[in-house]
Amino acid sequence: MEWARFAQQMASMARDLLAQESVDGTLERITGSAVELVEGCEAAGILVLHSNQVQTLAPTHDLVVESDRLQGQLGEGPCFDAARTKEGERVFRVADFTREQPRWPSFAPRAHRLGVGSMMGFLLYTEDEELGALNMYSHKPGAFTEAGELAGWLLASHAAVAFSSARTHAQMEHAVATRHMIGEAMGILMGSHHLTEEQAWDVLRRYSQEHNIKLREVARMVCEHGSLT
């Protein structure tokens, strides 16, 4: 591992991550960087758990999607563990899927049949939140060394901060857009029905509650149709 070159590449990647304009762009840059920078990595993706439902983000190869789907179906696997861990291990390295893996007895042989030779998983986390797992794959057994694991961990540390920042920014943009739309809808109701601001807000809120529709969608209806009828 040429650490001086790796450090330069990591610095370039960190700048690129900050320059991305969307969460999807950030995630795609993260997984692409894993393939580019980590020795032995042929495919990468980010696994996120919603309860026990698996979601695959920014996969670089179909193998990632197939492996994540298999882990979700079986409820076991190194990436699944990395994504749901609360304490203890935050890094998993499985050197050889041609050998028995007692920890994942159902997943390992089926992953090998998919074409997985070796893999690593890294929990993406910041001080405040856990975001999922960055997972790296190779078709070859023994592809990932200790140096590769360290490189993956360093990349995952940068990736977690960038992922968290991009998601927070997107949430803020969404919140601002929602407030703007609600304000516009209230203005329409106030003008068309001679309501006060408080009355217009109550109309939107009651409609949302009575019809079990998100307030943003109620506001969108008003903005698009001029009323709630």
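**Helices and turns, step by step**

Q: How are α7 and α8 set to each other in this predicted model?
A: This model is predicted. The axes of helix α7 (residues 197–211) and helix α8 (residues 215–225) cross at roughly 120°. Angles of 65 to 115 degrees count as roughly perpendicular and those over 145 as roughly antiparallel, and 120° belongs to neither group. Therefore α7 and α8 are, to each other, oblique.

Q: Within what distance do the axes of α7 and α8 come?
A: Two packed helices are described by the angle between their axes and the distance between the axes. Here α7 passes α8 in a right-handed crossing. Trp201 and Tyr207 of α7 are among the residues making the contact, and so are Val218 and Met221 of α8. The axes come within 9 Å.

Q: Which residues of α8, and which one of α6, are in contact with each other where Ile188 is concerned?
A: Let's start with Ile188, which lies in helix α6 (residues 146–193). At 24% relative accessibility, Ile188 counts as partly exposed, because that is between the 20% and 50% cut-offs. Leaving aside neighbours within four places in sequence, Ile188 is in contact with Gly226 as well as with Val222 and Cys223.

Q: How far apart in space are Ile188 and Ala200, C-alpha to C-alpha?
A: Begin with the sequence, where Ile188 and Ala200 are 12 residues apart. In space, C-alpha to C-alpha, the value is 8.8 Å.

Q: What should the 17 residues of helix α1 span?
A: Helix α1 covers residues 3–19, and each residue is taken as 1.5 Å. The expected span uses one less than the number of residues. The end C-alpha atoms of α1 agree with the expected value, which is 24 Å.

Q: Within what arc do the buried residues of α1 fall?
A: The buried residues of α1 are Phe6, Met10, Met13 and Leu17. Seen down the axis, they line one face of the helix, because they fall within an arc of 65°. The face turned away from them carries exposed residues, including Gln8 and Arg15. So the arc of the buried residues is 65°.

Q: Is His194 buried or exposed?
A: His194 sits in the loop between α6 and α7. Most residues other than glycine have a negative phi, yet His194 has a positive phi of about 55°. Its relative accessibility is 72%, so His194 counts as exposed.

Q: Is Ala58 buried or exposed?
A: Ala58 is in the loop between β2 (53–57) and α3 (62–74). Although not a glycine, Ala58 has a positive phi of about 50°. Its relative accessible area is 17%, which is under 20%, so Ala58 is buried.

Methods: Residues are numbered from 1 along each chain as its sequence is written. This is a predicted model: local features need pLDDT of at least 70, side-chain atom pairs count only at pLDDT 80 or more; totals for chains, interfaces and linings use all residues. Side-chain values use heavy atoms; hydrogens and water are left out. Helices (H or I, at least four residues) and strands (E, at least two) are DSSP runs, numbered from the N terminus. Buried means under 20% relative accessible area, exposed over 50%, partly exposed in between (1.4 Å probe, protein chains only). Contact means heavy atoms within 4.5 Å. The arc is that of the directions from the helix axis to the C-beta atoms. Axes are lines fitted to C-alpha atoms, for helices over the stretch in contact, and angles run from 0 to 180 degrees between N-to-C directions. Angles under 35 degrees count as roughly parallel, over 145 as roughly antiparallel, 65 to 115 as roughly perpendicular and the rest as oblique. A crossing is left-handed if the near helix is turned anticlockwise from the far one by less than a right angle, and right-handed if clockwise.
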